[in-house]
Amino acid sequence: MKAKEITSGVRWVGAEDWDWRLFDSLIPLPDGTSYNAYLVSGRDKTALLDTVDPSKLSVLEEHLRDVERVDYLISHHVEQDHAGSLPWALERYPQAVLLCSEPAKNMLINHLHISEARIRTVKDGETLSLGGKTLRFIYTPWVHWPETMSTFLEEDGILFSCDFFGSHVASSDIFVDGAEQVYEEAKRYYAEIMMPFRRIVRQDMDKIAGLGIRLIAPSHGPVHREPSSIIQAYRDWTDDKPHNTVVLPWVSMHGSTALMVGRLTEALAERGVTVYPFNMAVVDIGRLAMSLVDAATIIVGAPTVHVGPHPAVFYAVTLANVLRPKTRFASIIGSYGWAGRMVDIVKAGMPNLKVELLDPVICKGLPKEQDFLALDRLADAVAAKHAALGLK
Ligand code: FEO
């Protein structure tokens with residue numbers, strides 16, 4: 001795609017990556033992604049905000065072919081997909097100064113072997129005039145690394161937010177009007193990398209609240225022309241109130257756990273609780289993570305394998321423990337052949353979740369009527385707990 005104007009003096013010079021499907025060898029990208037770099041030209045100086053993943057360097061080179069002088073390179077975040085082409089940019093523009101947050105300096109030196117002499121750190125709130133274009137640097141840590149900062153272009157009201165408010169989606173449209181157009185991609189991205197820092201993200205949002213933002217230009221996905229809708233979505237995701245939903249990651253080897261999952265899903269639905277069952281044998285981890293953003297309850301369904309839960313389900317336990325959702329309740333269902341310590345092992349696997357454990361339902365072999373009735377009681381307990389929180 002060609003470079004595109006965002007507003008007068010501000011150009012998108014990034015790259016679309018239509019075919020990338022797995023970020024960090026972990027995060028599924030069903031819609032590809034983009035690496036958004038921006039060129040801001042003032043009367044006197046020019047700044048390049050972030051670069052692109054080195055795999056797309058040739059695209060950035062083409063966008064900048066006619067740009068003879070860049071005075072400042074601004075690194076919002078040291079991860080490769082934004083900073084990975086900085087070494088090239090420093091060579092292409094030998095007079096340019098690399099600006100970053102204080103915590104980013106050593107990370108740039110360590111991760112990219114950038115010379116310390118080229119780096120100048122900026123303070124939180126510091127401003128830089130390019131001549132009629134004033135950049136204000138705002139530290140926004142943990143969206144999603146500790147060094148992350150954003151830049152606010154005061155005259156145009158543009159927040160360059162890097163991963164914050166971003167969405168992994170490759171698109172020929174540079175703008176979206178309303179977050180609903182990229183809601184799922186944005187939520188998926190928030191879930192996978194920012195949810196563990198939910199409370200700090202909330203502080204970051206308070207920090208940008210009074211800026212008078214007219215556009216949000218993240219480093220992945222389209223530019224938001226209606227910033228209030230993506231900000232409102234983030235407020236919902238980061239607040240402390242879960243939704244009336246249950247996430248149910250499960251797997252079955254011989255069908256017993258599958259029968260239990262089926263019964264529990266029905267019973268919860270009958271009680272007005274929305275259930276998201278995820279068969280871990282075929283799961284999209286991104287969808288599981290997304291469902292964890294709002295879930296009031298997580299219930300793990302697993303058969304026993306060598307005394308513990310099936311490893312595929314333990315992956316979901318580990319993921320939930322790492323992502324630290326706002327979940328309030330948990331339980332475990334499943335079957336075993338002759339012995340097992342599944343409940344203890346699952347409990348021990350999620351120490352980060354501050355959840356109340358509801359009575360597990362574990363049966364020997366094929367579930368019997370008493371086991372199905374126990375699952376109905378578990379559904380009763382979940383519905384009552386959700387109702388007590390006022391969840392509808
Ligand atoms: Fe898009 Fe954390 O890099």
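In what order do the 7 strands of the open sheet lie? Here are a few friendly notes on that, bearing in mind that this is a predicted model.

1. **The sheet as a whole.** Reading across the open sheet, the strand order is 1-2-7-8-9-10-11. Its 7 strands show mixed pairing. At the edges sit strand 1 (4–7) and strand 11 (119–122), each with pairing on one side only. Ignoring direction, neighbouring strands are turned against each other by 25° on average.

2. **The antiparallel pair.** Strand 7, residues 38–41, and strand 8, residues 46–49, run antiparallel and are joined by 4 bridges. If you would like a residue to click on, try Tyr38, whose bridge partner in strand 8 is Leu49.

3. **The parallel side.** Strand 9 (residues 72–74) pairs with strand 10 in the parallel sense, over 3 bridges. Here Tyr72 has Val97 of strand 10 as its bridge partner. Strand 10 also pairs in the parallel sense with strand 11, this time over 4 bridges, and Leu98 is matched with Ile119 in strand 11.

4. **The helix on the sheet.** Helix 4, covering residues 102–112, packs on the sheet and touches both strand 10 (97–101) and strand 11. The direction of helix 4 makes about 120° with that of strand 10. Together, strand 10, helix 4 and strand 11 form a β-α-β unit, and this unit is right-handed.

5. **Burial of strand 10.** Is strand 10 mostly covered or mostly open? Strand 10 is mostly covered, with 4 of its 5 residues buried. That is worth viewing alongside its contact with helix 4 and its parallel pairing with strand 9 and strand 11.

Note on methods. Residues numbered from 1 in each chain as written. Predicted model: local features only at pLDDT ≥ 70, side-chain atom pairs only at ≥ 80, totals over all residues. Heavy atoms only, no water. Pairing = 2+ DSSP bridges. Helix = DSSP H or I, 4+ residues; strand = E, 2+ residues; numbered from the N terminus. Axes fitted to C-alpha atoms, helices over the stretch in contact; angles between N-to-C directions. Contact = heavy atoms within 4.5 Å. Buried < 20%, exposed > 50% of the residue type's maximum accessible area, 1.4 Å probe, protein only. Right-handed = clockwise from strand over helix to strand, strands pointing away.
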